[in-house]
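Subject: A structure to look through

Dear colleague,

Here is the structure I promised to pass on, and I would be glad if you opened it before reading further. My notes on what was found follow below it.

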Amino acid sequence: MKALILAAGTGSRLYPLTADRPKTMLEILGFPLIYYQIQGLLRHGIQEICLVTGYQQEVLIHYILLAFPGQRFTFLYNPFFRDMNNIYSFYLAAQYCSESDMLILNSDVFCEPDLLREAVYSPLDILLVDGEKEFSAEATKVRLDERSRVIEVSKEISLEQSQGEYIGIMKLSKGSCQLLHDKVRELLYQGQSNWWFVYALNELLARIPVSPVFTRGRVWEEIDSPLDYSNAIHLAEKMVRGKKHLLNGRSMI
């Protein structure tokens, strides 16, 4: 299995914290967010990691190569990071994603290690979903059928119809990745460059059975705003106080 981390965005809602760095470089207990993601992937045996970069990519790449000496990474640059949503970042990784099952992460997600482990070892195509946490109408929500299969992923799903919030991590088989890339390519050719790539999955859910893996109260935070960032730091501090899943004496994943 390989991992794909989408890290091209500007993090404009976090400005001025992101004036000189991508938001995945914001620090949580002394380490950038991207450290926790990569450390977690390596811990669970994923050695092939690709990052699609864009805004302030030099800062991100410089840090990663210093923090993980000897580890090989693939970096793909999205020159349209200001103008397109992450559908184009996913499109750029078509060749990388065509050879293996794939764990796909948004680079702004902080989570505890059990969630990554469950995604890595699931035999199914899955989305990580929080069905307990209160979320806003703007969240990327998930709708399930009577068999608990995912039938829609969208910000436009009403709160009443939703069974939870997609937290920004999914695992797809090699075949499912290939189908998704074909659909993404088709949508881009149709001019749909402002879509989130996960929206393209909606077009395939009749052909790709995707199951939710629920967070069940485990720690996660998607960092889009200063409040999200404060929440992530608070959650990390609670994990440390509870001596939960520490590595190297300090990191949680």
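How many aromatic pairs does the structure hold? Please keep in mind that this is a predicted model; in it there are 13 aromatic pairs. One of them is formed by Tyr35 and Tyr36, whose rings meet edge-to-face, with 5.7 Å from centre to centre and 80 degrees between the planes, and both of these tyrosines are buried. Tyr35 and Tyr36 also belong to a cluster in which ring pairs link them with Phe31, Phe68, Phe73, Phe75 and Phe110.

Two lysines are worth finding as well, since each has an aromatic ring as its partner. Lys2 lies over the face of Tyr96, at 4.5 Å from the ring centre, while Lys133 lies over the face of Trp220, at 4.1 Å from the ring centre.

Turning to the chain as a whole, you will find seven helices and 13 strands. The C-alpha trace spans about 45 × 35 × 35 Å along its principal axes, and the radius of gyration is 17 Å, which agrees with the value near 18 Å that a compact globule of 253 residues would have. Buried residues make up 55% of the 253 residues, and, of the contacts between residues at least 6 apart in sequence, 75% join residues that are at least 24 apart.

Helix 7, which runs over residues 226–241, makes a good exercise in reasoning. At 1.5 Å a residue, its 16 residues should span 22 Å, and the C-alpha atoms at its ends are 23 Å apart, which agrees. Within helix 7, the buried residues include Asp228, Tyr229, Ala232, Leu235, Ala236 and Met239, and because they cover an arc of only 125 degrees around the axis, they are on the same side of helix 7. The general background is that an α-helix has 3.6 residues a turn, so residues three or four places apart point the same way. On the other side of helix 7, Leu227 and Arg241 are exposed. Among the elements that cover the buried residues of helix 7 are strand 2 (27–28), strand 7 (109–111), helix 4 (113–121) and strand 13 (220–222).

Lastly, consider Ser89, which is found in helix 3 (residues 87–92). Is Ser89 buried or exposed? Its relative accessibility is 3%, and therefore Ser89 counts as buried. Leaving aside residues up to four places away in sequence, Ser89 touches Leu6, Ala8, Val52 and Asn78.

With best wishes

Notes: Residues numbered from 1 in each chain as written. Predicted model: local features only at pLDDT ≥ 70, side-chain atom pairs only at ≥ 80, totals over all residues. Heavy atoms only, no water. Helix = DSSP H or I, 4+ residues; strand = E, 2+ residues; numbered from the N terminus. Expected span 1.5 Å × (residues − 1). Buried < 20%, exposed > 50% of the residue type's maximum accessible area, 1.4 Å probe, protein only. Arc of directions from axis to C-beta. Contact = heavy atoms within 4.5 Å. Phe/Tyr/Trp six-rings, centres within 6.5 Å; stacked < 30°, edge-to-face > 60°. Lys NZ or Arg CZ within 6 Å of the ring centre and 35° of its normal. Rg over C-alpha atoms; globule rule 2.2 N^0.38 Å.
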